[in-house]
Amino acid sequence: MDGDTGRLAIDHLLGELTVEEKAALCSGSGFWHTRAVERLGVPAIAVSDGPHGLRVQRDGGDHLGIDSSDPATCFPPAVTLGSTWNVEMVRRVGEAIGVEARSAGLAVVLGPGVNIKRSPLCGRNFEYYSEDPLVASTMGTAWVDGLQSTGVGASLKHFAVNNQETDRLRVSADVDERTLREIYLAAFEPVVRDAQPWTVMCSYNRINGTYAASDRWLLTEVLREAWGFEGLVVSDWGAVDDPVASVAAGLDLEMPSSGGASAASIVAAVRDGSLDVADVDTAVRRVLQLVDHAPRTASAVAFDVDAHHAIARAAAGEGAVLLQNDGGVLPLRPAAGQRVAVIGELARTPRYQGAGSSQVNPTRVDDALRALEVAFGPEVDVRFAPGYRLDDEVTDSEAASLVAEAIATATDADAVVIFAGLPGPYESEGFDRVDLDLPACQLEVIDAIARLRSDATVVLANGGVVAVDAFASSVAAILECWLGGQASGTAVADLLSGAVNPSGKLTESIPHRLADTPARHNFPGEDRHVRYGEGLFVGYRHFDSAEVSVAFPFGHGLSYTTFAYSDLTVDVLDDGIDVALDEPVVEIAATVTNTGSVAGAEVVQVYVAPKDALVVRPVHELRAFAKVALAPGAAERVNFALTRRDLARWSVRAHDWVFDPGVYGIEVGASSRDLPLAETVTIPGAATAAPLDDYSSLGEWLAHPIGHDVLVEQLRSSPLGDLTPLLADEGTIKVISQFPLRRLIPMLGGSFTQDDLVQLVDRVNASG
Ligand code: BGC
């Protein structure tokens, strides 16, 4: 944002504002506005949640989704948008939300959330895209691009390492530097670099002991200095613990209002010299730039409710994942006079969004029962039985009669669809789940029907992953619809009837059991700390590296057609040696063919598998993907280019990305466990040796391209005579190579001193 060129004369204003006014501008006014300074003509601007629709509150306000809000389109939440793997679809949803925001007179919409799904238990997983940073950042970028194309700003959240709800306002996410960079910050970095959201929202939690809201390293050094963020950092609602420390760290706007308390602390700190007024000016300048950039008036045009409902329907249809479809039981094409049994309260009372700050008051809601009646037409007999209740207020005999009624409805039907999922109170912002199970009453109904017949379809509605092993082998089909937004009902009918061919894929693994998941021993932590003990091994990075069986793998999703992969080519560009980290070094192409009889779309996934890694690395990682729509029989060549940064790892010694030349597997296919095409290539490049120091081991010296020769020369000219034969003895080297040279020196009988070592280190590093 180049705010100084806008309507507000920001430099002039900074000269005019009193310290009190400046401090006041660093906090909001009420729940949803920035502060105005009327005497200088600085208006207030309005913000609102986000991210799957607006939650504009006219009277009162809260950040927990309690009070009412204006009707807005409830689009599918991030879990479903992510599962589309369709960047253009996510962009369209962002754009539609932007159009609604313009009609509502908003400046900023509080989203998207790109936090990593570290554990399937996180109560807010429905608001996040993936367990994988590439998917999360790609979807986040698309959403921000779409929204901001309408002239409204995004708020990328929750920065950072906010991967649980338990104790989220106090907990310290204790995570090692490499994991932080390769997994958790990696979900944010491309969104900041490529989409420049107008604002970034810092998270509630602490990171390695420091509150995100007052973490200068995070908010200034990483976000601004390294990634080039140009916008404003806003706090999550109530995240500021120490307003003075926050301003000094680079937090520009505290939300909501602190009732003047924060401003008073800031003024006092400026007066007593503990806070530099320049830091306050920096924050105020960014607030003024945001205000300057924001639309001043609501767009006069009301948004097109039907058109936005149609976008919500298309997105929900594309985000559903067909997990299994034994015997091709789906799509259902009942003939006139046939009977379809629809079982499950969720068919009539849809669960289509999560709870908390993102809760939208929808413009309307479609239910699947009615939508199926419409889709199949009056000639088909659609019979409904609720099977269970969504609340717990049910007696044993009522429950038994609900199951009996479901059995009676399913018996002799030509097809049976059971709607199951998590009732609202099972998952929400504010708390985490404790297990992955569907309610027992729902499992009982599924079981009773599966005993009757093996061709049933289960349709799932849930924001976080649920365990499916209890019924996967006894039903024919499972369609995971996540939370589909206000058009979820029609979207399900589109899919079940075949009007839409499923093309969603899992952006998170579905484990057999909670006990198999990588964070199981370290979630949600204790004593105000949560240890990210699994390190890099989040989601499929764990399951695939540890060869742990899953119910359905990351990237999986079936279609009503089939796809074949062929003709992989992998070209390493030039010698790669002088290529900058962000320049392509390898080009990949593969052909995907629709081998079935209906049109469909496939998500082609590219994984990179380092074969001779110098450090521990996951067995493979997703590095590119593309969604391709194909008519029956059609084929398309899909091209990808990877940069050295795509292959790089974070070095904790260099505190930077390091590309290791070497042997890499390039795997292409339909999921992390279905990779029919693979090739191994050597990617050259200058080995980036870590600098030597006086604690470097003998092994590190011998492996160092310059250090090796310098050390050999030193040993050869030793006053004790040539010591290099020592190096020729492999057995000895193996035993002593881990010794830091400074520990070996005394054993060399005084011929080589610590001073010599210091000089050698300087020589090597100077010539490197
Ligand atoms: C949530 C944010 C939300 C904010 C405002 C907080 O509780 O964590 O995601 O944007 O409230 O409602």
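**Helix 6 and arginine 181.** I began with arginine 181 in this predicted model, and found its place in helix 6, which covers residues 177-184. I then looked up its exposure, and arginine 181 is buried, with a relative accessible area of 12%; I note that this counts as buried because the value is under 20%. Next I looked along the chain for a distant partner, and the C-alpha atom of arginine 181 is separated by 9.9 Å from that of valine 652, although the two residues are 471 apart along the chain.

**Threonine 562.** I went on to the loop between strand 19 (550-552) and strand 20 (563-572), where threonine 562 is found. Its relative accessibility is 44%, so I entered threonine 562 as partly exposed. From threonine 562 to alanine 601 there are 39 residues along the chain, and I read a C-alpha separation of 9.6 Å for this pair.

**The ligand.** Which residues come closest to the ligand? I listed 15 residues around the ligand, and the closest are Asp49, Arg124, Lys157, His158 and Asp236. By class, I sorted this shell into seven charged, five nonpolar and three polar residues. I then went through polar contacts one by one: a side-chain N or O atom of arginine 124 is 2.7 Å from an oxygen atom of the ligand, and for tyrosine 204 the corresponding side-chain distance to a ligand oxygen is 2.9 Å. For glutamate 429 I also noted 2.9 Å, between a polar side-chain atom and an oxygen atom of the ligand. On its own the ligand has 310 Å² of accessible area, and the protein covers 100% of that area.

**Strand 16 and its partners.** I turned to strand 16, residues 477-480, and checked which way the side chains face: Ala477 and Leu479 point one way, Ile478 and Glu480 point the other way, and all are buried. Strand 10 (residues 321-325) runs antiparallel to strand 16 and is joined to it by four bridges, and within this pairing I found alanine 477 as the bridge partner of asparagine 325. With strand 15 (residues 457-461), strand 16 pairs in the parallel sense, again over four bridges, and here I found isoleucine 478 as the bridge partner of valine 458.

**The four-strand sheet.** I traced an open sheet of four strands in the order 8-7-5-18, and its pairing is mixed. Why does one side of strand 8 and of strand 18 lack a neighbour in the sheet? Strand 8 (210-211) and strand 18 (529-531) stand at the edges and each has a single partner strand, so one side of each is left without a neighbour. Inside the order, I looked at strand 5 (residues 172-174) and strand 7 (residues 206-207), which run parallel and are joined by two bridges; in that pairing serine 172 stands opposite arginine 206.

**Cysteines.** How many disulfides are there? I counted zero disulfides. Cysteine 202 is in no disulfide, and the nearest cysteine sulfur, that of cysteine 26, is 14 Å away, where a disulfide would need the sulfur atoms within 2.5 Å. I also recorded that cysteine 202 is buried, with a relative accessible area of 0%. Cysteine 441 is likewise in no disulfide, with the sulfur of cysteine 481 as its nearest, 19 Å away; at 30% relative accessibility, I entered cysteine 441 as partly exposed.

Key: Residues are numbered from 1 along each chain as its sequence is written. This is a predicted model: local features need pLDDT of at least 70, side-chain atom pairs count only at pLDDT 80 or more; totals for chains, interfaces and linings use all residues. Side-chain values use heavy atoms; hydrogens and water are left out. Buried means under 20% relative accessible area, exposed over 50%, partly exposed in between (1.4 Å probe, protein chains only). Two strands pair if DSSP finds at least two bridges between them. A residue is near a molecule or strand if one of its heavy atoms lies within 4 Å of it. A polar contact is a pair of N or O atoms within 3.5 Å; within protein, one must be able to donate a hydrogen and the other to accept it, and residues adjacent in sequence count only if both atoms are side-chain atoms. Accessible areas come from the Shrake-Rupley method with a 1.4 Å probe; for residues, only the protein chains shown count as cover. Ala, Val, Leu, Ile, Met, Phe, Trp, Tyr, Cys and Pro count as nonpolar, Asp, Glu, Lys and Arg as charged, and the others, Gly among them, as polar.
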